[in-house]
Amino acid sequence: MRKGVIAVIAIAVVVVGYVVGVITTKQATYNAIENLVVEMERQENAQVEALWQDQSARSATLVLKVSADTGIPDMGAVTYTETIDLRYGFLNTKWSGTGDFQFGEYTASEALFAGQALTSEGVVSRGGLRVRYLMPELNYEIASGLTMHAKSAESALIMAGEDVRVLVNAPEFTFKGAEGNHAVITGINISGDTRNLHGEMFSNAGIFSIDSVALNLPDFAEPITIEGIRNTFDVLRKDDELQAKGSFSIAQVDGEPAVRGSGRVEWLLEGVDYQAFRDLEAFMQTNTHHTPDSDMQERVVRAALQSELVTLRLNTFEADTESWGSLRSNGVMSLDLRDLSAAERQALELGTDLIPYAHIVLNLEELPPMLQLMAMAISTDPLPWKLEFHNNEVWVNGELLDLSQMQ
């Protein structure tokens with residue numbers, strides 16, 4: 001008898017524990033969806049709706065709708081609608097969804113994917129959510145005789161607390177023209193990691209890479225292959241300022257001798273006021289199509305005045321070509337507005353150019369022979385050269401350059 005009671009109690013404990021686990025997972029799922037909506041709404045031009053339907057103790061249906069301006073005048077807004085089936089479990093919630101894009105009178109499934117919808121699968125737990133999206137094979141006629149084909153691609157969204165990671169992998173895109181010219185792009189990979197702190201961006205790291213681009217163009221006798229394209233971008237918030245750094249490189253361009261070579265650029269930006277950057281970013285996202293150049297210039301000047309001292313360092317600029325030779329350079333550009341008088345500040349706000357306040361130093365370590373020959377009109381000194389622009393004057397190796405003699 002005692003053993004039977006113990007067994008009943010044990011079963012009850014297991015059942016209660018399981019039910020509590022499901023309830024906890026269910027609440028964690030609600031929290032994760034709320035965080036997802038908040039993250040998407042951080043994009044100023046995005047509107048997000050999350051509609052819960054058919055809710056029960058073990059399952060629910062969620063309709064997620066995201067609308068945003070495409071930036072294309074004739075297209076207007078694009079809306080992505082996804083219907084998600086959620087199944088609550090003891091440790092996590094299973095996510096299974098189907099979605100489609102609506103732009104104008106068309107849907108992506110009809111116009112691009114031969115009637116197939118995008119699908120998603122993943123899990124939501126106490127630690128956040130992890131969802132994988134699958135895009136069907138794409139076929140589209142861009143214009144008469146110009147077609148685009150893409151193999152099935154996938155992406156992933158990972159959220160843990162305020163940290164967000166996005167991954168995209170597209171195996172191959174092919175563009176074919178009417179005259180036999182075509183382009184094949186393989187191995188497109190995108191990753192982005194964003195860390196937020198109390199709802200504000202703390203850091204962001206992004207990588208965009210392409211394994212290869214093969215071009216067959218009528219104006220070139222031989223096909224051109226570009227390999228190892230890689231672009232990185234990292235932003236870090238330090239107190240009230242932003243620091244950004246990045247790089248762009250091409251491992252190899254192979255084609256006719258005139259276009260055969262490689263190159264790399266590395267840069268660092270410091271001193272940008274965080275709030276000024278956020279205000280400028282929000283303005284650009286919401287006023288792209290209707291903003292006069294004067295208004296945009298005013299916003300840029302205002303951001304520069306708030307930042308006071310902005311420095312852009314060109315740490316590396318390298319290009320190697322088979323037929324032209326090599327180029328090596330580095331430098332720094334600064335915009336110093338710290339000691340402006342009230343009159344100068346007012347003049348800038350009214351539209352005065354920022355160029356007089358710029359200080360540019362460029363070090364030329366190596367030049368292709370042809371460019372070096374042309375540059376002898378400026379200086380006959382042997383490399384390296386130091387070019388400097390300040391107060392609307394140009395200096396070469398410490399000597400003022402008389403621009404009037406070059407006209």
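This passage describes the overall make-up of a protein, one of its pockets, a run of paired strands and some backbone features.

The model is predicted. The protein contains six helices and 22 strands. It has 407 residues, and 32% of them are buried. Among contacts between residues at least 6 apart in sequence, 49% join residues at least 24 apart. The protein exposes about 24,000 Å². Carbon and sulfur atoms supply 57% of that area.

The second largest pocket was examined in detail. Its volume is about 540 Å³. The lining of this pocket comprises 25 residues. Leu269, Val272, Val300, Val310 and Leu335 lie nearest the centre. By class, 22 of the lining residues are nonpolar, two are polar and one is charged. Several elements each supply at least two residues of this lining. Strands S14 (224-238), S15 (241-254) and S16 (261-273) are among them. Helices H3 (274-286) and H4 (293-307) also contribute, as do strands S17 (309-321), S18 (325-336) and S19 (358-366).

Two of these lining strands, S18 and S19, also pair with each other. Their pairing is antiparallel and runs over eight bridges. Within it, methionine 333 has isoleucine 360 of S19 as its bridge partner. S19 pairs in turn with strand S20 (residues 385-390). This pairing is also antiparallel, over six bridges. Here the bridge partner of leucine 362 is leucine 387 of S20.

The backbone around S20 and beyond has some unusual features. Most residues other than glycine have a negative phi, and most peptide bonds are trans. The peptide bond from leucine 383 to proline 384 is cis, with omega near 5°. Proline 384 sits in the loop between helix H6 (369-375) and S20.

Two asparagines follow in the loops after S20. Asparagine 392 is not a glycine, yet has a positive phi of about 60°. This residue belongs to the loop between S20 and strand S21 (393-396). Asparagine 397 likewise has a positive phi, of about 50°. The loop that holds asparagine 397 joins S21 and strand S22 (399-400). With a relative accessible area of 28%, asparagine 397 is partly exposed.

Note on methods
Residues are numbered from 1 along each chain as its sequence is written. This is a predicted model: local features need pLDDT of at least 70, side-chain atom pairs count only at pLDDT 80 or more; totals for chains, interfaces and linings use all residues. Side-chain values use heavy atoms; hydrogens and water are left out. On a 1 Å grid over the protein atoms alone, a cavity is a set of points where a 1.4 Å probe fits but cannot get out, and a pocket is an open set with protein on both sides within 12 Å along at least five of seven lines; lining residues have an atom within 4 Å of a point. Grid points are joined across faces, edges and corners, and a volume is the space filled by probe spheres set on the points. Helices (H or I, at least four residues) and strands (E, at least two) are DSSP runs, numbered from the N terminus. Ala, Val, Leu, Ile, Met, Phe, Trp, Tyr, Cys and Pro count as nonpolar, Asp, Glu, Lys and Arg as charged, and the others, Gly among them, as polar. Two strands pair if DSSP finds at least two bridges between them. Buried means under 20% relative accessible area, exposed over 50%, partly exposed in between (1.4 Å probe, protein chains only). Contact means heavy atoms within 4.5 Å. Accessible areas come from the Shrake-Rupley method with a 1.4 Å probe; for residues, only the protein chains shown count as cover.
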